[in-house]
Amino acid sequence: MLSESSRLIYGDELITATELNQQPNRVLDLAMEHPVTITRNDQHFALLRREEMTLWVKAATLSLTVFEVTAAAYRLRLGEAISSANPYYWLTVFDSDELSELIAELEKAYRLAESESGAWNQIEIVIHEWHESAKAIASPELAAAFSDEIDEVLLTPPQIESTTESTQV
């Protein structure tokens, strides 16, 4: 991911500050197509569309999240404890096989996001669904509901009354 990201970020065009001052429209047109590096003295500035920067920030944030979730899952699989202050303490409700499944799903979503920029949301969805499952597993109300042995009552088909007789009077 990093080498691909570096190629995308730094595969841009170098523009001097003088060129930017002399041809601002041309530089902005270039920035519409791909990132542009503006150089002034020994400093470099990136110029890119805000949507692209938003995507890079989201990718960095989600990459950190994936790392933290998988690190917590690996620690639990190894039998290590994680602190209740850990934001992913909810992973403790899963057994080793389930944690392996979570790690595999995250890895698949992460690899998909590498090739499809819109797929970053899939990582959020995977984590959200696993977190919701953890809440359900940890819920005493749901456990009681699932273990309740009240006899089921079968539903009967609804009776449909004919309205044609009452309208023929």
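This briefing walks through the confidence, the sheet and the helix packing of the structure above. The model is predicted, and the protein chain has an average pLDDT of 86. Two features are worth finding on screen: an open sheet of three strands, and a pair of helices, α4 and α5, whose axes come within 9 Å.

**How far to trust the model**

- Across the protein chain, 88% of the residues score a pLDDT of at least 70.
- Confidence is highest in helix α2 (residues 17-22), where the mean is 94.
- Helix α1 (residues 2-10) has the lowest confidence in the chain, with a mean of 53.
- As a rule, predicted coordinates should not be read in detail where pLDDT is low.

**The sheet**

- Start by tracing the strand order, which is β1-β2-β3, with mixed pairing in an open sheet.
- The edges are formed by β1 (13-16) and β3, each of which pairs on one side only.
- From one strand to the next, the twist averages 30°.
- In general, the strands of a sheet pair through backbone hydrogen bonds, and they can do this in a parallel or an antiparallel way.
- Here β1 and β2 run parallel and are joined by four bridges; along this pair, E13 stands opposite V36 in β2.
- Strand β2 (residues 36-40) pairs with strand β3 (residues 43-47) in the antiparallel sense, over five bridges.
- What lies between β2 and β3 in their hairpin? There are two residues between these strands, and N41 in the turn has a positive phi of about 55°.
- Look beside this turn for R40, whose bridge partner in β3 is Q43.

**A helix on the sheet**

- Which strands does helix α3 touch? Helix α3 (residues 24-33) packs on the sheet and touches β1, β2 and β3.
- The direction of α3 makes about 160° with that of β1.

**Two helices side by side**

- Helix α4 (residues 50-77) and helix α5 (residues 96-115) have axes that cross at roughly 160°.
- Angles over 145 degrees count as roughly antiparallel, so α4 and α5 are roughly antiparallel to each other.
- The crossing of these two helices, α4 and α5, is left-handed.
- On the α4 side of the contact, the residues are S63, V66, V69, T70, A73, Y74, L76 and R77.
- They meet S96, L99, S100, L102, I103, L106 and Y110 in α5.
- How do the residues of the contact of α4 with α5 divide by type? They comprise 10 nonpolar, four polar and one charged.

Note on methods: Residues are numbered from 1 along each chain as its sequence is written. This is a predicted model: local features need pLDDT of at least 70, side-chain atom pairs count only at pLDDT 80 or more; totals for chains, interfaces and linings use all residues. Side-chain values use heavy atoms; hydrogens and water are left out. Two strands pair if DSSP finds at least two bridges between them. Axes are lines fitted to C-alpha atoms, for helices over the stretch in contact, and angles run from 0 to 180 degrees between N-to-C directions. Contact means heavy atoms within 4.5 Å. pLDDT is the predictor's confidence in each residue, from 0 to 100. Angles under 35 degrees count as roughly parallel, over 145 as roughly antiparallel, 65 to 115 as roughly perpendicular and the rest as oblique. A crossing is left-handed if the near helix is turned anticlockwise from the far one by less than a right angle, and right-handed if clockwise. Ala, Val, Leu, Ile, Met, Phe, Trp, Tyr, Cys and Pro count as nonpolar, Asp, Glu, Lys and Arg as charged, and the others, Gly among them, as polar.
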